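Trainee: Got a minute? I'd like to go through the sheet in this one and hear why each label applies.

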Amino acid sequence: MHHYWSVLIESVTSHGLIDVKRKNELQNLFKNSKIPLVIVTAFLNRKTIKEYLSEISWETDVWVAEDATHLIHFNGEHLLQPDQV
């Protein structure tokens with residue numbers, strides 16, 4: 001069985017982080033999609049996350065370039081695991 005996700009990635013350095021307002025805008029834009037939406041804010045390093053931590057929306061993910069093999073999930077309904085989608 002195949003599982004698909006629409007993954008939206010925004011760089012905090014070029015567009016800004018995924019806060020509640022931006023998350024709602026993206027969800028509204030993709031509201032008719034039947035494919036689960038995964039929303040990711042990309043950071044260059046962990047130091048930068050500290051500046052924005054309180055603004056990152058729940059039910060989104062964070063990717064950090066200096067730790068590229070890891071994804072931080074902010075407690076949401078969908079995880080990138082096939083048995084939970």
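Mentor: Sure, let's take the labels one by one. This is a predicted model, where local features need pLDDT of at least 70, side-chain atom pairs count only at pLDDT 80 or more, and totals for chains, interfaces and linings use all residues. Residues are numbered from 1 along each chain as its sequence is written, and side-chain values use heavy atoms, with hydrogens and water left out.

Trainee: Why do β1 and β2 count as paired?

Mentor: Two strands pair if DSSP finds at least two bridges between them. β1 and β2 (residues 37–43) have six, in the parallel sense, so they qualify. S6, for one, stands opposite L37 in β2.

Trainee: And what makes β1 an edge strand?

Mentor: The open sheet runs β1-β2-β3-β4 with mixed pairing. β1 (6–11) and β4 (71–73) each pair on one side only. By the way, strands here are DSSP runs (E, at least two residues) and helices are too (H or I, at least four), numbered from the N terminus.

Trainee: How do you know that the pairing is mixed?

Mentor: β2 and β3 (residues 61–64) are parallel over four bridges, whereas β3 and β4 are antiparallel over three. V62 shows both: its bridge partner is T41, and it also stands opposite I72 in β4.

Trainee: Why is the β2-α2-β3 unit called right-handed?

Mentor: A crossover is right-handed if, with the strands pointing away from the viewer, the path from the first strand over the helix to the second runs clockwise. The unit of β2, α2 (residues 46–52) and β3 is right-handed, so that path runs clockwise here.
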